[in-house]
Number of protein chains: 2
Amino acid sequence: MIQVAINGYGTIGKRVADAVRAQPDMEVLGVAKTRPNFEAETAIEKGFALYAAIEEREHLFDEAGLDIAGSVDELVADADIVVDATPSGIGAENKSLYEEYETPALYQGGEDADLVDVSFNARSNFEDATDADHVRVVSCNTTGLSRVIAPLRETYGVEKVRATLVRRGGDPGQTDRGPINDILPNPVTIPSHHGPDVETIFDDLDIDTLGMKVPATQMHMHSLNVTLEEEVDAADVRDLFADESRLFLIPEHMAIDGSGKLKEYALDAGRPRGDVWENAIWEESISTVGRDLYLFQGIHQESDVVPENIDAVRAVLGTADAEESIETTDETLGIGL
Amino acid sequence: MIQVAINGYGTIGKRVADAVRAQPDMEVLGVAKTRPNFEAETAIEKGFALYAAIEEREHLFDEAGLDIAGSVDELVADADIVVDATPSGIGAENKSLYEEYETPALYQGGEDADLVDVSFNARSNFEDATDADHVRVVSCNTTGLSRVIAPLRETYGVEKVRATLVRRGGDPGQTDRGPINDILPNPVTIPSHHGPDVETIFDDLDIDTLGMKVPATQMHMHSLNVTLEEEVDAADVRDLFADESRLFLIPEHMAIDGSGKLKEYALDAGRPRGDVWENAIWEESISTVGRDLYLFQGIHQESDVVPENIDAVRAVLGTADAEESIETTDETLGIGL
């Protein structure tokens, strides 16, 4: 069994912990957290060994009545691999800790690409991560773009990608974020940093991206244009995407008009936390005009990278190939059912 | 003096009335309204003659203590031109009334293009409206796109336009509109109807548009891509746009990050109702990648068509050419100052 340490138990970390626990070939050695809060309480209730990410704060956990299994150093030393799910920039600070104990580490998309040996998307470049010490699971938006671009490149060839990313202002729990009643060009400068991030997965891709922020918390929405190398029927693209387990085509008859109903559907289906691990592509939106393909896709920023983290564990440790890993992850989580 | 009747005194009608009053060559003969409300009260206070748009409802105005000058039939009969500013679809119902009295009429962008002889944008096709009986001032979004496309076509040539229109869910007063906390692909099908609407102004234009709706009320935001026929420096495009009175380039030093601060700036500047009649283009966003031009622009849905309605009056009646009319309208309203 692969012993997985999870450093950071917030939006991503807690989901990765649950997903690791669901795998037949890995288990959660422990989770590290900087301070006691509702998430720390839940970790204990779920039976995860809780480690203090900052030694000087151990007493806060004691005062909150939460048992600490040890320090994050011990956790990292004993693990086969660490998933660093700390906030953007903290992963970089933690790198020396992982190096000290020679424990390979996965980082999240908020870290710089040059922190790591490989940026990772399971569908696109699984094998590149084999034996790497430091691997970055790319951001939710880059994951969502990569999953669509990979099959299009392989099947038709891609001349250019242009995408407008209409981003949720913050996650549901991020009560300090905005905007309220506004539409912000964000970043104002074009192209945005999202395109170059996708190029960490496909280094020869021509992609320009534009970002905005709006008063929504549930999902990002991509307005995507891909100029293909050949003219293709929209129906063929739909068939191509239907074969991809991490692309969910929302059928018209479901009458899902936005992320609200989509998340409600996921909750009704009993998915943990209402997570939507797949790209949610509106099937009716998939259209072609000459060589230009267009579509709308919802990207659940809290969860779409979770299966990617699981696959990255196997990729780094070389315990499965892409197809085996993705199939196992999808089956255990209930993706693409 | 051109006698202008305004049928419909809501979001657009009340603004057109004020703008007509500001012109040296026209006056408001009267405004027609279907029911008494705060806007009807204000019309009386401003000294506009108020007409009942529906005869059977005249008593409602009496009961509200509002003096009615007559019926809409009398208003239309006596006017040189009618600006129909009624809700979408009602303009079409009113067409026979205007025909009965042989009064030329302007309609708003919510009406179908085939209702009228000409679809109108002052910058793009002013002369086409001369002597037309039925002219449609295109929608706020189409107006905003046309103002940018016209100079680009004339100067560089346009191969293709791709635009994502992130639309405000409703106007500030439309309390029955949504969404709350969502990003809706709207319409879900691609391309949206906005592209063909722009083609009523430029009939040989290649344009694909995608629409969304978000929880904001202040302005639409366009993510615009124009593939030009030649490679151009972004600085040249900025210079080109700086010469267009109805394109306002938001300079970086103003620190205006979205429509909230932009509207606040317009209010601080003493503009009536905080109206932003110009396209508000973030100057920093104007970028080129090869032949691809990108930019973000805010479109104030309540007001950008107001100067266009004024120019359309002169275009239809042949009392000024495009340059004269636009200059007069801009000066009297304070556009491009």
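In this predicted model, K160(A) reaches across to D292(B) and forms a salt bridge, with the closest N and O atoms 2.8 Å apart. The pair has company: the count between chain A and chain B comes to 4 salt bridges. Polar contacts add to the picture, with 20 residue pairs picked up across the interface of the two chains, both partners at pLDDT 80 or more.

As for what chain A brings to this surface, several elements each supply at least two residues of the side that touches chain B. Among them are strand 9 (158–168), strand 11 (207–214), strand 12 (220–228) and strand 16 (292–299), and helix 10 (259–268) also chips in. Sorted by character, the residues on that side of chain A split into 20 nonpolar, 15 polar and 8 charged.

In terms of overall extent, 43 residues of chain A are in contact with 43 residues of chain B. Putting the two chains together buries about 3,600 Å², and carbon and sulfur atoms account for 62% of that area. On the chain A side, the residues that lose the most area to chain B are I183(A), I190(A) and F296(A), which together make up 18% of what that side buries.

Turning to the annotated part of chain A, an unreviewed UniProt entry places the domain "Glyceraldehyde 3-phosphate dehydrogenase NAD(P) binding" at residues 2–140. Over that stretch the chain is 35% helix and 24% strand, and its end C-alpha atoms sit 25 Å apart.

Methods:
Residues are numbered from 1 along each chain as its sequence is written. Chains are lettered from A and ligands numbered from 1 in the order in which they are written. This is a predicted model: local features need pLDDT of at least 70, side-chain atom pairs count only at pLDDT 80 or more; totals for chains, interfaces and linings use all residues. Side-chain values use heavy atoms; hydrogens and water are left out. UniProt positions are given in the numbering used here, feature names are shortened, and annotations may be inferred rather than shown by experiment. Helices (H or I, at least four residues) and strands (E, at least two) are DSSP runs, numbered from the N terminus. Contact means heavy atoms within 4.5 Å. Buried area is the accessible area (1.4 Å probe) that two parts lose on being put together, summed over both. A salt bridge is a side-chain nitrogen of Lys or Arg within 4 Å of a carboxyl oxygen of Asp or Glu. A polar contact is a pair of N or O atoms within 3.5 Å; within protein, one must be able to donate a hydrogen and the other to accept it, and residues adjacent in sequence count only if both atoms are side-chain atoms. Ala, Val, Leu, Ile, Met, Phe, Trp, Tyr, Cys and Pro count as nonpolar, Asp, Glu, Lys and Arg as charged, and the others, Gly among them, as polar.
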